Amino acid sequence: MSDREWKPNVTVAAVIEREGRFLLVEEHTPEGLRFNQPAGHLEPGESLLEATVREALEETAHRFLPEYLVGIYQWTRPQGDITYLRFAYGGRIEGAEPGRKLDDGIVRAVWMTIDEVRATADRHRSPLILQCIEDWLAGQRHPLSLVRHY
């Protein structure tokens, strides 16, 4: 296999804080129930921002308005089989769609304090969940113009 055939999985995540709580989802995974940010894979034809807004709505029934790029994260699963390249965006909620069916596998959307997020780290889908929130709390906010979509 040539090096050019390997590609990371490009994902997006929404870091959403309101009144000291962060919006996470609890979801079924092959490893059991895990917590994650509203997050998912970039789909063909969409921008990273569009993907983040879509994933937040599909997984939480909340309309997300990205305001900042929190960070870009590269992580390889411990099994070594998949590498993720995550673009995490921070922003605010612009409303909700009560009664909207959440994506398959999503058990619930839940608001958690930073202490609750830290206390459940062993149930996080990846170490990126806490890292993105810690970066947000440290004030890491980059302009959306840092990433260009053509």
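In this predicted model, the protein contains 3 helices and 7 strands. Read from the N terminus, these elements follow the order β-β-β-β-α-β-β-β-α-α. The C-alpha atoms occupy a box of roughly 50 × 35 × 35 Å along the principal axes. A compact globule of 150 residues would have a radius of gyration near 15 Å, and the protein agrees with this because its own value is 15 Å.

The way the chain folds back on itself can be seen in its contacts. Among contacts with a separation of 6 or more, 71% link residues that are 24 or more positions apart. Buried residues account for 41% of the 150 residues. The accessible surface amounts to about 8,400 Å², and carbon and sulfur atoms supply 50% of that surface.

Helix α1 is a good place to look next. This helix covers residues 48-60, 13 residues in all, and spans 18 Å from its first C-alpha to its last, close to the 18 Å expected at 1.5 Å a residue. Its buried residues are L48, A51, T52, R54, E55, A56, L57, E59 and T60. In an α-helix there are 3.6 residues a turn, so residues three or four places apart point the same way. The cover over the buried residues of α1 includes strands from several parts of the chain: β1 (9-18), β2 (21-29), β4 (39-41), β5 (62-76), β6 (83-96) and β7 (106-113). After α1 comes A61, which has a positive phi, near 65 degrees.

One of the strands that help cover α1 is β6, and T83 belongs to this strand. T83 counts as buried because its relative accessibility is 9%, below the 20% cut-off. The side chain of T83 makes a polar contact of 2.8 Å with the side chain of T76. Leaving out residues up to four places away in sequence, T83 touches W6, P8, N9, Q74, W75 and T76. T76 therefore appears both in this list and as the polar partner of T83.

Further along the chain, H124 sits in the loop between α2 (114-119) and α3 (128-137). Although H124 lies in a loop, it counts as buried because its relative accessibility is 8%. A polar atom of the H124 side chain is 3.0 Å from the backbone oxygen of V117. Apart from neighbours within four places in sequence, H124 is in contact with R34, F35, V117, I129 and L130.

Terms used
Residues numbered from 1 in each chain as written. Predicted model: local features only at pLDDT ≥ 70, side-chain atom pairs only at ≥ 80, totals over all residues. Heavy atoms only, no water. Helix = DSSP H or I, 4+ residues; strand = E, 2+ residues; numbered from the N terminus. Buried < 20%, exposed > 50% of the residue type's maximum accessible area, 1.4 Å probe, protein only. Polar contact = N/O pair within 3.5 Å; in protein donor to acceptor, adjacent residues only side chain to side chain. Contact = heavy atoms within 4.5 Å. Expected span 1.5 Å × (residues − 1). Rg over C-alpha atoms; globule rule 2.2 N^0.38 Å. Areas by Shrake-Rupley, 256 points an atom, 1.4 Å probe, with all protein chains shown as cover.
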